[in-house]
Amino acid sequence: MRSPLIVLTASASEASEWKHSIWQQMVSAGIPSKYGRKFINPEALKCESWPDGRAKYVPNGIRVVESLLLREYDESDVVTCYHENLEKFVGPETRVVGIHAHNPLGISYATDVYSKLAGENLMPVNAAEFMKIVTHPVLRKYRPKIVIGGPGAWQLEKAGRLDEFNVDHVIDGEIERVFSQIFKRIIDGDPTLERIIRIPKTDQPTVEEIPIVRHRSTFGVVEITRGCGRGCQFCSPATKVGRSFPLDHILANAHANAVEGATEIMLASEDMFLYEQGPNFTPNTDALINLFKSVKAIPGIETLQTSHITMAPVVRYPDLIEQLSPHVVPFSHLHHEHSTDPNKCVIDPIIGLETGSPRLFDTFMKGKAYPYKAHQWRDVVLKGMEILNRNNWYPFCTFIIGLPGETDEDTKLSLDLLYELQGAKGMFVPTWFVPLENTRMQKKESVKLVDMTDLQWEFFFTCWRYNIDFYGGSRSRWQWQMGVPLYYQMMGKKLFGKGIKYPLARFAGAPERILRRKLYLDLTGYKRTPELMPAFEKEIVPAFETVKGLNMVEAAG
Ligand code: B12
Ligand code: SF4
């Protein structure tokens, strides 16, 4: 039998939808593959195939490419599979192997820096999984053209690894309008086709040009909008024209997912409140409610998941969250004991909080707060968080450490914001600044771990202290308390210097009344409001023996 002309694939760490966990995917980007088995359940990297070897689910981007190609080629000529089935499909007639890349080397917002906490040159799980594809012997045997596309394709060029992986073409941008001509030229082996193909903004497709997917996407991802007009300088969707998909289009996509077994739909967007928005970023509550109801009504769909939102509309339109909640929170697969929902459901949309410094905010992302001003960002975050939490929205909040020109004063302001977020319900995830290609900051420098200031380490580990307190059970707390002092003595101190000692001690749960003398933030509240001290004192975590054993507490005292 003839081998297919085009084989499409994606790595297991980007295709897996294990337990519907987006968290699992983020962890894959940060954990060194060497320790992968310790932190990642091996089941999480198993993806399901149909009996003929085709993939059941892959990231939405590659499904869109597949659907475009199926307009021009037969199903027998376009096959999507995981790396373990490449052998089965790639053969003498295969001209192209197209690989989707969301975060192939784990360097989006320096997620790989997490893997570097355990030493330089450690490859995150994401990169290891990606390598399984590009180093697959069947590619060397038949030498099809290797084409990489997707939001993280830029990473291969940036890391200078195109030759190492024998990449013929990197396609950067939205492919709908130009796919036909590009694939034809690749298949024909056109020698004049550039290695890096940047699709210009003028070729961004209209929603009518974007196809309905033929097959199921990982997490049941269905786009509801594309692009964002808020213009943050570090962000790639900021460079895309804003578009909202018609309800029929969304429902047809959701239906295609449901008939192939998806029980959950993730409504993907840069900001859900952009869906059918009015002028000046006014959310369209009715349209959103109708969207939730209609998607939920599709036979087979049991749960809904949101992707990204922004905070300003939450505050500007105080009824928005209250009105949306009954139509989305009860249909979430996520639960938390703090939820006031009868079934303890919560939702966790992703929100970029980025910084507590009005100066940095004003320089790099002032549109994010619109209609509020940069100096109001702190208040917007705190008020927004209060509204979200009250309605059982426990957001996944990201921060960017090391924006260009960040000073100690800026970091202190971010720490101040973090202090005020104590007790807020959600996840606080610090990431490091990375200049993404095609953004206004593409020429800026990435953060390097060795250059992190003590305050930046404090910010980093304080976030994780909060996360463990809110999400980790007592078992996980105990494990960190055992492991962290060992990490400091055996590795952390050598890699990053003594500056991480007290931030790490906070992460490990050392008593705050001791740490407050060594760190900027005083989580007991004493430095800010000494009169409240007796009340806070009662809540202080008892002294922690293992840390003491390693002299961290004594030294801290
Ligand atoms: C849903 C989503 C997720 C989900 C699901 C991901 C999945 N595996 O399916 C979750 C929440 C898990 C996730 C995680 C992450 N994500 Co994400 N995610 C998105 C989101 C909202 C939608 C993705 C989507 O389906 N888009 C629609 C499709 C059609 O677009 P597309 O994939 O770009 O595909 C088009 C082209 O790229 C091209 N194409 C795609 N694949 C291929 C392959 C070939 C061969 C070719 C030729 C072309 C091609 O054709 C498509 C049509 O034009 C986007 C924002 C966005 N609107 O794109 C962010 C986004 C892609 N994520 C991003 C990031 C940074 C991450 C994370 C690192 C963490 C984070 N901070 O969010 C992690 C990494 C996960 C990992 N495994 O390492 C960034 C990427 C920035 C960048 N340019 O590098 C984005 C743009 C968000 C943002 N605002 O910054 N993500
Ligand atoms: S609000 Fe979010 S998606 Fe929009 S430009 Fe800013 S970072 Fe990008």
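In this predicted model, H102 sits in the loop that runs between β3 and α6 (residues 112-116). Through its NE2 atom, H102 is the single protein donor to the cobalt atom of ligand 1. The distance from donor to metal is 2.3 Å.

The surroundings of ligand 1 extend well beyond this donor. A total of 44 residues lie around ligand 1. Those that come nearest are E14, H100, H102, N126 and E176. Three polar contacts can be described individually. At E14, a polar backbone atom is placed 2.8 Å from a nitrogen atom of ligand 1. At N60, a polar atom of the side chain is 3.2 Å from an oxygen atom of the ligand. At N103, a side-chain N or O atom lies 3.3 Å from an oxygen atom of ligand 1. Several helices and strands each supply two or more residues to this shell. The helices are α1 (12-15), α2 (22-30) and α4 (60-69). The strands are β3 (96-100), β4 (145-149), β7 (221-223) and β10 (264-268). The most is given by α4, with five residues. By class, the shell around ligand 1 holds 21 nonpolar, 17 polar and six charged residues.

Ligand 2 has its own set of neighbours. C228, R230, G231, C232, F234, C235, A238, E270, T310 and K368 surround ligand 2. Cysteine appears in this list at positions 228, 232 and 235. The class division of the ligand 2 shell is five nonpolar, two polar and three charged residues.

Helix packing was examined for one pair. Two packed helices are described by the angle between their axes and the distance between the axes. For α12 (residues 285-296) and α14 (residues 319-328), the axes come within 9 Å and cross at roughly 10 degrees. An angle under 35 degrees counts as roughly parallel, so α12 is roughly parallel to α14. From α12, the contact is made by T285, L288, I289, F292 and K293. From α14, the partners are L320, Q323, L324, H327 and V328. This contact comprises six nonpolar, three polar and one charged residues.

Two backbone features complete the description. Most residues other than glycine have a negative phi, and most peptide bonds are trans. The peptide bond that joins Y370 and P371 is cis, with omega about 10 degrees. P371 belongs to the loop between α15 (358-364) and α16 (377-390). E276, a residue other than glycine, has a positive phi near 50 degrees. The loop between β10 and α12 contains E276.

Note on methods:
Residues are numbered from 1 along each chain as its sequence is written. Chains are lettered from A and ligands numbered from 1 in the order in which they are written. This is a predicted model: local features need pLDDT of at least 70, side-chain atom pairs count only at pLDDT 80 or more; totals for chains, interfaces and linings use all residues. Side-chain values use heavy atoms; hydrogens and water are left out. A residue is near a molecule or strand if one of its heavy atoms lies within 4 Å of it. A polar contact is a pair of N or O atoms within 3.5 Å; within protein, one must be able to donate a hydrogen and the other to accept it, and residues adjacent in sequence count only if both atoms are side-chain atoms. Helices (H or I, at least four residues) and strands (E, at least two) are DSSP runs, numbered from the N terminus. Ala, Val, Leu, Ile, Met, Phe, Trp, Tyr, Cys and Pro count as nonpolar, Asp, Glu, Lys and Arg as charged, and the others, Gly among them, as polar. Axes are lines fitted to C-alpha atoms, for helices over the stretch in contact, and angles run from 0 to 180 degrees between N-to-C directions. Angles under 35 degrees count as roughly parallel, over 145 as roughly antiparallel, 65 to 115 as roughly perpendicular and the rest as oblique. Contact means heavy atoms within 4.5 Å. Donors are N, O and S atoms within 2.8 Å of the metal (3.2 Å for Na, K and Ca); water is not among the atoms, so sites may look incomplete.
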